[in-house]
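Biologist: Got a minute to walk me through this one? I'd like to begin with the strands and then look at the packing.

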Amino acid sequence: MLARCPECRVTHALASGDKVRLHKVRCSNCGAEFALFPALEIGGAGERVLGEGVVSADRPPPPQIESIPKVAWKLDIEAPPGLLNLHAARGRRAWPGLALALGLLALFGLQVLIIPPIAPGQQAELDQARTMLCGVIQCPDWHPPRVPGQVRVSTPDFLITTDGTLHLRFELESPIRQAWPVLDIRLTDRLGTSQGRLRLNPADYTDPQRPMTAHQSYTVRAILLPLSDRVAGIEIRPR
């Protein structure tokens with residue numbers, strides 16, 4: 001009995017009867033897989049066989065995996081008496097910690113009212129609570145912080161007199177209530193070259209105990225001794 005590969009047309013001799021019962025085989029010449037039964041031929045006398053044979057291409061059946069039977073277990077979730085007593089003891093120990101946390105929270109609220117992180121005049125509810133509290137206890141004076149980045153400086157007017165003194169006039173304004181800034185003054189000539197630097201502290205031009213009021217313009221006048229007689233420009237930077 002012969003089997004002819006439908007791809008390469010090479011014939012293979014089936015020497016064993018077991019191979020005839022195969023469903024699908026693989027050609028040893030080209031590797032093609034084909035159904036064996038349609039490819040069977042009865043070879044004539046003296047017909048030349050070129051192939052080396054065929055091998056089985058049938059897929060083995062998948063292995064059977066047995067499932068593990070499900071077993072229902074009955075659980076006793078009732079807590080023993082000792083465990084209930086342990087939970088009660090833990091609850092009793094939690095009360096001191098809770099009382100301490102509430103006390104710290106009350107102290108924090110008292111500190112916020114006495115030493116406010118928000119400037120007075122910005123929140124009416126906070127100001128009212130602070131006024132009521134300070135009527136009962138003595139509150140420390142609140143000093144606003146210095147925020148130089150929010151200070152607006154007008155274009156300065158200056159005049160150098162014949163005796164060499166520099167008369168300077170400009171205005172300061174802030175959108176928030178804050179402490180007076182330190183003013184760094186840079187003197188330049190007509191080409192913008194630095195001709196000297198001066199610094200004005202708050203005590204040099206105002207009363208530092210009275211902070212700046214929000215949205216109020218303050219005129220600053222100062223008389224300075226310039227470092228050069230070629231001063232043609234002035235730059236003022238709050239710090």
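**Strands and core**

Modeller: Sure. Bear in mind that this is a predicted model. Three strands make up an open sheet, ordered β11-β10-β13, with antiparallel pairing.

Biologist: Which are the edge strands?

Modeller: β11 (194-200) and β13, each of which pairs on one side only. From one strand to the next, the twist averages 20°.

Biologist: And how many bridges join β10 to β13?

Modeller: Six, with the two strands running antiparallel. R186 sits in β10, and E235 in β13 stands opposite R186.

Biologist: What does the side chain of R186 reach?

Modeller: The backbone oxygen of G192, at 3.4 Å. Not counting neighbours within four places in sequence, R186 is in contact with G192, S194, G196, R197, G233, I234 and E235.

Biologist: OK, switching to packing. Which residues touch the most other members in the largest nonpolar core?

Modeller: L172, I185 and I234, out of 19 residues in that core. The elements giving two or more residues to this core are β9 (166-173), β10 (183-188), β12 (218-224) and β13 (233-238).

Biologist: I234 came up with R186 too. What else is I234 in contact with?

Modeller: Again leaving out neighbours within four places in sequence, the contacts of I234 are P156, F158, L166, L168, I185, R186, L187 and T188.

Biologist: What lies apart from that core?

Modeller: Another core, this one of ten residues, including L14, A32, F34 and A39.

Technical notes:
Residues are numbered from 1 along each chain as its sequence is written. This is a predicted model: local features need pLDDT of at least 70, side-chain atom pairs count only at pLDDT 80 or more; totals for chains, interfaces and linings use all residues. Side-chain values use heavy atoms; hydrogens and water are left out. A nonpolar core is a set of buried Ala, Val, Leu, Ile, Met, Phe, Trp, Tyr and Cys residues joined through side-chain atoms within 4.5 Å. Buried means under 20% relative accessible area, exposed over 50%, partly exposed in between (1.4 Å probe, protein chains only). Helices (H or I, at least four residues) and strands (E, at least two) are DSSP runs, numbered from the N terminus. Contact means heavy atoms within 4.5 Å. Two strands pair if DSSP finds at least two bridges between them. Axes are lines fitted to C-alpha atoms, for helices over the stretch in contact, and angles run from 0 to 180 degrees between N-to-C directions. A polar contact is a pair of N or O atoms within 3.5 Å; within protein, one must be able to donate a hydrogen and the other to accept it, and residues adjacent in sequence count only if both atoms are side-chain atoms.
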